[in-house]
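Colleague: I am new to this structure and would like a close look at a single part of it. Please take the salt bridges, and say where the partners sit and how open they are to the surface.

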Amino acid sequence: MVTSSPFSRLLHRLDLQQLDRDLFIGDPGPGKQRLYGGTVAAQAVVAAVRTVAEGELHSLHSYFLRPGRYGVPIQYVVHRIRDGRSFTTRRVVAHQGGEAIFNLAA
C-alpha cells in the first residue's frame, strides 16, 4: 500500500484540468455537507496564475456567492482584465451546477 503525504494530496487537489485558454475544471474531492471554501479559493488562484506569463500574486479579493458541493466538478472561467508592464489583473468566476459560487479578483 502506497501512502501519500498530506502535502502531495494537497498539490493533487489543487491541480486543475485546462479545457481551453481560460477555462479550467477542478475536482472538489470527497466530503460531506458544504464544500470547504478554501479549496475553491485556492483552485481559483491556480487558474488565475496559469494565465499569467510572469509576476507574483500580491493582492486578491474574493466573494463566496453560494455554497459549493462535494462530488460536483467546479468550472473556473478566467477573464483577462489587464496585461500591463507593471501589473496584471485577472477575474475568476467559479461555477458549479450552472451557477456562480465564487468570484475572485487578483
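Modeller: What follows goes through the salt bridges one pair at a time and then turns to a few other features. The model is a predicted one.

The count comes to 6 salt bridges. Three of the pairs are described here in turn.

Begin with arginine 13 and aspartate 27, whose closest N and O atoms are 3.4 Å apart. This pair links distant parts of the chain, with arginine 13 in helix H1 and aspartate 27 in the loop between E2 and H2, 14 residues apart. Arginine 13 has a relative accessible area of 23%, so it is partly exposed. Aspartate 27 is partly exposed too, because its relative accessible area is 44%, and buried would need a value under 20%.

The next pair is arginine 50 and aspartate 15, whose side chains meet in a salt bridge at 2.9 Å, N to O. Arginine 50 lies in the loop between H2 and strand E3 (61-64), while aspartate 15 lies in the loop between H1 and strand E1 (17-20), so this salt bridge ties together parts that are 35 residues apart in sequence. Arginine 50 is partly exposed, with 38% relative accessible area. For aspartate 15 the relative accessibility is 46%, and it therefore counts as partly exposed.

The third pair joins aspartate 22 to arginine 80, with a salt bridge of 2.7 Å from N to O. Here, too, distant parts of the chain are linked: aspartate 22 is in the loop between E1 and E2, arginine 80 is in strand E4 (residues 74-83), and 58 residues separate them. Aspartate 22 counts as buried because its relative accessibility is 17%, and the cut-off for buried is under 20%. Arginine 80, in contrast, is partly exposed at 28%. Both residues also belong to a network of salt bridges that links Arg21, Asp22 and Arg80.

Helix H1 has another feature to look at. Leucine 10 is found in this helix, which covers residues 6-14. Together with Phe7 and Leu11, Leu10 forms a nonpolar patch on the surface, and the three have about 310 Å² of accessible area together. Leucine 10 itself is partly exposed, its relative accessible area being 44%.

The loop between strand E2 (23-26) and H2 holds glutamine 33 as well as aspartate 27. The phi angle of glutamine 33 is near 65 degrees, a positive value in a residue other than glycine. With a relative accessibility of 77%, glutamine 33 counts as exposed, because exposed means over 50%.

Last comes the largest pocket, which holds about 500 Å³ of space. Its lining has 24 residues, and the closest to the centre are Val52, Glu54, Glu56, Phe87 and Thr88. Helix H2 (37-49) and strand E5 (88-96) each supply at least two residues of this lining. By class, the lining is made up of 10 nonpolar, 9 polar and 5 charged residues.

Strand E5 also contains threonine 89. Threonine 89 is partly exposed, with a relative accessible area of 22%. Between threonine 89 and serine 59 there are 9.8 Å in space, C-alpha to C-alpha, and the two are 30 residues apart in sequence.

Note on methods
Residues numbered from 1 in each chain as written. Predicted model: local features only at pLDDT ≥ 70, side-chain atom pairs only at ≥ 80, totals over all residues. Heavy atoms only, no water. 1 Å grid on protein atoms, 1.4 Å probe; cavity = no way out; pocket = protein on both sides within 12 Å on 5 of 7 lines; lining within 4 Å. Points joined across faces, edges and corners; volume = space filled by probe spheres on them. Helix = DSSP H or I, 4+ residues; strand = E, 2+ residues; numbered from the N terminus. Nonpolar A, V, L, I, M, F, W, Y, C, P; charged D, E, K, R; others polar. Patch = residues over 30% accessible without salt bridge, like charges linked within 9 Å, V, L, I, M, F, W, Y side chains within 5 Å. Areas by Shrake-Rupley, 256 points an atom, 1.4 Å probe, with all protein chains shown as cover. Salt bridge = Lys/Arg side-chain N within 4 Å of Asp/Glu carboxyl O. Buried < 20%, exposed > 50% of the residue type's maximum accessible area, 1.4 Å probe, protein only.
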